[in-house]
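Biologist: Could you take me through one part of this model closely, namely its charged side chains and how they sit on the helices? I would like the setting first and then the details.

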Amino acid sequence: MATNNEKNNKMSLEEAGKKGGETTAKEHDKEFFQDIGKKGGKTTAKNHDQEFYEDIGQKGGEKRAQQRKND
C-alpha cells in the first residue's frame, strides 16, 4: 500500500479510502450496509438494461474461471 508522501506529508488516495472505509464500518451496523446495497442495486437496475447484466455476468464468469485455473 502507498504511504504518506514524505515530501509534502499528504495522504495517498489508497490511504484515504482505507481510513474512510474503516471509519464507516465502525460507525454503522450490518443493516446499514444491507440498506445501501439494496438502494444501489435498485438504482443500477433503473439505469441499465438486461444486456448490461449479461455483459458483467460474462466478465465475472471469465475472471472466476481464470482464477480457478490458477489455483
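Modeller: Happy to! Let me start with a term: a residue counts as buried when its relative accessible area is under 20%, as exposed when that area is over 50%, and as partly exposed in between. By that cut-off, buried residues make up 3% of the 71 residues in the chain. Please keep in mind that this is a predicted model.

Now the setting for your charged side chains. The chain has 3 helices and 0 strands, and read from the N terminus its elements follow the order α-α-α. The radius of gyration is 18 Å, well over the 11 Å that the globule rule gives for 71 residues, so the chain is more spread out than a compact globule. Its C-alpha trace spans about 45 × 35 × 25 Å along the principal axes. The chain exposes about 6600 Å², and carbon and sulfur atoms supply 50% of that area.

On to the charges themselves. The chain carries 15 positive and 14 negative charges, and the mean positions of the two sets are 2 Å apart. From all these charges, the structure holds 1 salt bridge. The partners are K18 and E22, whose closest N and O atoms are 4.0 Å apart. Why are these two about one helical turn from each other? Both belong to helix α1 (residues 13–27), and they are 4 residues apart in it, so about one helical turn separates them. Is K18 buried, exposed or partly exposed? K18 has 44% relative accessibility, so it counts as partly exposed. Its partner E22 has a relative accessible area of 39%, which means that E22 is partly exposed too.

Next comes a group of like charges. D49, E51, E54 and D55 form a negative surface patch. One of them, E54, has its place in helix α3 (residues 50–70). E54 counts as partly exposed because its relative accessibility is 46%.

For a lysine in the helix between, look at K42, which lies in helix α2 (residues 30–47). With a relative accessible area of 56%, K42 is exposed. To place K42 in space, take T24 as a reference: the two are 18 residues apart along the chain, and their C-alpha atoms are separated by 22 Å.

Finally, here is an uncharged residue to help you get your bearings. N70 lies in helix α3, as E54 does. N70 has a relative accessible area of 59%, so N70 is exposed. Between N70 and S12 there are 31 Å in space, C-alpha to C-alpha, for a separation of 58 residues in sequence.

To pull the charged part together: the salt bridge joins K18 to E22 within helix α1, the negative patch includes E54, and K42 is an exposed residue of helix α2.

Technical notes
Residues numbered from 1 in each chain as written. Predicted model: local features only at pLDDT ≥ 70, side-chain atom pairs only at ≥ 80, totals over all residues. Heavy atoms only, no water. Rg over C-alpha atoms; globule rule 2.2 N^0.38 Å. Buried < 20%, exposed > 50% of the residue type's maximum accessible area, 1.4 Å probe, protein only. Areas by Shrake-Rupley, 256 points an atom, 1.4 Å probe, with all protein chains shown as cover. Lys, Arg positive; Asp, Glu negative; His and termini not counted. Charge placed at Lys NZ, Arg CZ, Asp CG, Glu CD. Patch = residues over 30% accessible without salt bridge, like charges linked within 9 Å, V, L, I, M, F, W, Y side chains within 5 Å. Salt bridge = Lys/Arg side-chain N within 4 Å of Asp/Glu carboxyl O.
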